[in-house]
Amino acid sequence: MRRALRLIALGLLLVLQGMAGAATPAPPATVPDTIEQRVAACIACHGREGATTNAGYFPRLAGKPAGYLFNQLVSFRDGRRFNTDMAYMVQHLSDAYLREMAEYFAGLQLPYPPVSPVSDATPEQLQRGSQLVREGDAARGIPACVQCHGAALTGVQPAIPGLLGLPRLYVSSQLGAWLTNERHAMAPDCMADIGRRMSTADINAVASWLAVQPMPADTRPAAALHAPLPVKCGGMPAK
């Protein structure tokens, strides 16, 4: 009888212990407070770790010069560039926070996806695009893209972006935004001046040619230009 009572008491004790354990909520999962976690929202549009593909609209962030990325974030926050989602995400962020984000993406060296050489542009359009990119149009005051964006078109430190590995739609829309005065940069706004000198045909030609160019072996921005900038640009003054 006593043995049976002891067994019953032990069983009740185990049940009570189990109920007590079940009533204790599990500790909430903690989200790591890292820069990778804080910029996770950027991946939704720009791709994994900011390395988009040529099939989409959004530009690649990985490996861009930190100064350029910082300037764009500030421009979205301060109203020089217009995108509802971007403005909403950065409207309350400090310069220090935006610089941290820019430096994070600038430090990512991720491989570029293969670039398809297929284009619906005509040979004449591609030839015109190549001419504008490599030689410009002096008669109309349009400098060659390589004069500012580097001989390899991969950008120049500290604040000039590369032009390769970007979707054609993105390149054409941004050049068009300069033409229509919908995009602005810090003064002196050199791209606004250049963009207004380009025609729609020029923009389509340049975007089409850039979109089919293969990436060079070294995709990093150049450390410096080999010659002074042909025009003064905010964020990277001519020497």
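## A walk around helix 9

Just past the end of helix 9, Asn 181 adopts a positive phi of about 65 degrees. That residue is a handy place to start a tour of this predicted model.

Before going further, a word on confidence. The chain has a mean pLDDT of 88, with 85% of its residues at 70 or more. Of the chain's elements, helix 7 has the highest mean pLDDT (98), while helix 1 (residues 2–23) has the lowest (51). Where pLDDT is low, the predicted coordinates should not be read in detail.

**Helix 9 and its surroundings**

Helix 9 runs over residues 168–179. Does its length come out long, short or as expected for twelve residues at 1.5 Å a residue? The expected span is 16 Å, and the end C-alpha atoms are 16 Å apart, so the two agree.

The buried residues of this helix are Tyr 170, Val 171, Ser 172, Gln 174, Leu 175, Gly 176, Ala 177 and Trp 178. Helix 10 (190–196) and helix 11 (200–211) are among the parts that cover them.

Gln 174, which sits in helix 9, deserves a closer look. With a relative accessibility of 12%, Gln 174 counts as buried because the cut-off is under 20%. Its side chain makes a polar contact of 3.5 Å with the side chain of Tyr 57. Setting aside neighbours within four places in sequence, Gln 174 is in contact with Tyr 57, Arg 81 and Arg 183.

**The nonpolar cores**

In soluble globular proteins, nonpolar side chains tend to be buried together. Here the largest nonpolar core has 22 residues, and Val 133, Leu 153, Val 171, Leu 175, Met 198, Val 206 and Leu 210 have the most contacts inside it. Which helices each supply at least two residues of this core? They are helix 7 (123–134), helix 8 (145–149), helix 9, helix 10 and helix 11. Helix 11 gives the largest share, five residues.

Leu 210 shows how parts of the chain meet: not counting residues up to four places away in sequence, Leu 210 touches Val 133, Leu 153, Leu 163, Leu 164 and Val 171. Apart from this core lies another, of 21 residues, including Leu 69, Phe 70, Val 90 and Phe 105.

**The cysteines**

A disulfide is a covalent bond between the sulfur atoms of two cysteines. How many disulfides does the structure hold? There is one, formed by Cys 190 and Cys 233, whose sulfur atoms are 2.0 Å apart. The torsion about their S-S bond is about 110 degrees, so this disulfide is right-handed. Cys 190 belongs to helix 10 and Cys 233 to the segment after helix 11, so the bond ties together parts that are 43 residues apart in sequence.

Three cysteines can be set side by side by their burial:

| Residue | Relative accessibility | Status |
|---|---|---|
| Cys 190 | 12% | buried |
| Cys 233 | 11% | buried |
| Cys 148 | 9% | buried |

Cys 148 is in no disulfide, and the nearest cysteine sulfur, belonging to Cys 233, lies 5.3 Å away. Cys 145 is in no disulfide either; for Cys 145 the nearest cysteine sulfur is that of Cys 148, at 8.4 Å.

To find your way back, look again at Val 171: this residue is one of the buried residues of helix 9, has a place among the most-contacting members of the largest nonpolar core, and is touched by Leu 210.

Conventions:
Residues are numbered from 1 along each chain as its sequence is written. This is a predicted model: local features need pLDDT of at least 70, side-chain atom pairs count only at pLDDT 80 or more; totals for chains, interfaces and linings use all residues. Side-chain values use heavy atoms; hydrogens and water are left out. Helices (H or I, at least four residues) and strands (E, at least two) are DSSP runs, numbered from the N terminus. The expected span of a helix is 1.5 Å times one less than its number of residues. Buried means under 20% relative accessible area, exposed over 50%, partly exposed in between (1.4 Å probe, protein chains only). Contact means heavy atoms within 4.5 Å. A disulfide is a pair of cysteine sulfur atoms within 2.5 Å. A nonpolar core is a set of buried Ala, Val, Leu, Ile, Met, Phe, Trp, Tyr and Cys residues joined through side-chain atoms within 4.5 Å. pLDDT is the predictor's confidence in each residue, from 0 to 100. A polar contact is a pair of N or O atoms within 3.5 Å; within protein, one must be able to donate a hydrogen and the other to accept it, and residues adjacent in sequence count only if both atoms are side-chain atoms.
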